[in-house]
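Please take a moment to look over the sequence and the model that follow. The paragraphs after them lead through a few places in turn, and it helps to find each residue in the structure while reading.

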Amino acid sequence: MLPQTPQDQSELEEKNSILGFPHSMKVGTILHAFLEKCDFSQPLDEAAVAEVCQSLGLGETWLAPTQAWFEQVLATPMSEGSFCLSDIGPAQRLNEWQFYLRLANPKALPQLNQLLKDKSRLAKKLPDLELYQMEGFVRGFVDCIAQVQGKFYIFDYKSNYLGSLAQDYSAASLERAMGQFRYDLQYLLYTLALHRYLQQRLGESYDYERDFGGVAYLFLRGMDGQPGAGVFFDRPSRELIEGMDGLFG
């Protein structure tokens, strides 16, 4: 075998860059399953990482970059000076939290759109929602709910491929993706469901401002260990969530 030159090594690293990691619905399912089973607070299980690569038909050259990527995902602070996933132990998190959210107002759409325009960070820049049904039960799953430093947070793992360049995962790019797929409505419904749940479980001791920390959509491909990299974070105002709560009865 011929010795590997620096140029060969550079080309191999570029080929196996995480920004070039395979992307498909299958990839998203496998990454979600890995994170669901992963103990964030412990060193990564190399066998589990190898299983991810094997499930995707990736050769041994992908093992090291995938391991390093997952380590960066766990070590990326949610924002400057904030916590990261590796700070969350198993007893602090609930995976795949299932909820049922009752929406009891079939004529709520105009009021909802106005509320979002007034109070939502993203929706004020987006077209009005056009939904066919605003009454009934919404069943959903939240990837992870965690209690960190006394506050509850919602985490959603996103394996979306936004491009092959680092700037494709900038804060502006993440915000565009959030609006394009209307993830803003998704995380507001998640927040409303958790708000109602905490009210029920904690009773009068619950206070939204004190107890709810926010929502983090983790665009995994952009998480490189730097504060806020690949992370879209928002903390909807109390007025917005209580307004939605009242709107839907």
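In this predicted model, the structure holds 12 salt bridges. One of them joins the side chains of Arg121 and Asp234, with 3.9 Å from N to O. Because Arg121 lies in the loop between α5 (109–119) and β2, while Asp234 belongs to strand β5, this pair ties together parts that are 113 residues apart in sequence. The two partners can also be described by how much of each is accessible: Arg121 is partly exposed, with a relative accessible area of 36%, whereas Asp234 counts as buried at 11% relative accessibility, a value under the 20% that marks the limit for buried residues.

Another salt bridge brings together the side chains of Arg238 and Asp207, with 3.1 Å from N to O. Here Arg238 lies in helix α9 (residues 238–247) and Asp207 in the loop between α7 and α8 (208–211), so the pair ties together parts that are 31 residues apart in sequence. Arg238 is partly exposed, at 24% relative accessibility, and Asp207 is likewise partly exposed, with a relative accessible area of 25%.

A further salt bridge is the one in which the side chains of Asp211 and Arg210 meet, at 2.9 Å from N to O. Asp211 is buried, with a relative accessible area of 8%, while Arg210 counts as partly exposed at 45% relative accessibility. Some salt bridges share partners, and in this way Asp207, Glu209, Arg235, Arg238 and Glu242 are joined into one network.

Charged residues also appear together in another setting, for Asp45, Glu46, Glu51 and Glu71 form a negative surface patch. Glu46, a member of this patch, lies in helix α3, which covers residues 46–55, and Glu46 is exposed, with a relative accessible area of 59%.

What surrounds a residue that is hidden from the surface? Thr191, found in helix α7 (residues 183–202), is buried, with a relative accessible area of 1%. If its neighbours within four places in sequence are left aside, Thr191 is in contact with Ile154, Tyr208, Phe212, Val215, Pro236 and Ile241.

Helix α7 also has a part in covering another helix, α6. Within α6, the residues Ser173, Leu174, Ala177, Met178 and Gly179 are buried, and what covers the buried residues of α6 includes α7 together with β4 (212–219) and β5 (231–234). Strand β5, then, appears twice in this account, since it is among the elements that cover α6 and also holds Asp234, the partner of Arg121.

The last stop concerns the backbone. Which residue with a positive phi follows α6? It is Arg182, whose phi is near 50 degrees, a positive value in a residue other than glycine, and Arg182 is found in the loop between α6 (171–180) and α7. Gln149, which is not a glycine either, has a positive phi of about 50 degrees. Gln149 has its place in the loop between β2 (135–148) and β3 (151–158), where Gln149 is exposed, with a relative accessible area of 71%.

Notes
Residues are numbered from 1 along each chain as its sequence is written. This is a predicted model: local features need pLDDT of at least 70, side-chain atom pairs count only at pLDDT 80 or more; totals for chains, interfaces and linings use all residues. Side-chain values use heavy atoms; hydrogens and water are left out. Patches are made of residues with over 30% relative accessible area and no salt bridge: like charges are joined within 9 Å, nonpolar side chains (Val, Leu, Ile, Met, Phe, Trp, Tyr) within 5 Å. Accessible areas come from the Shrake-Rupley method with a 1.4 Å probe; for residues, only the protein chains shown count as cover. A salt bridge is a side-chain nitrogen of Lys or Arg within 4 Å of a carboxyl oxygen of Asp or Glu. Lys and Arg count as positive and Asp and Glu as negative; His and the chain ends are not counted. The place of a charge is taken as NZ of Lys, CZ of Arg, CG of Asp or CD of Glu. Helices (H or I, at least four residues) and strands (E, at least two) are DSSP runs, numbered from the N terminus. Buried means under 20% relative accessible area, exposed over 50%, partly exposed in between (1.4 Å probe, protein chains only). Contact means heavy atoms within 4.5 Å.
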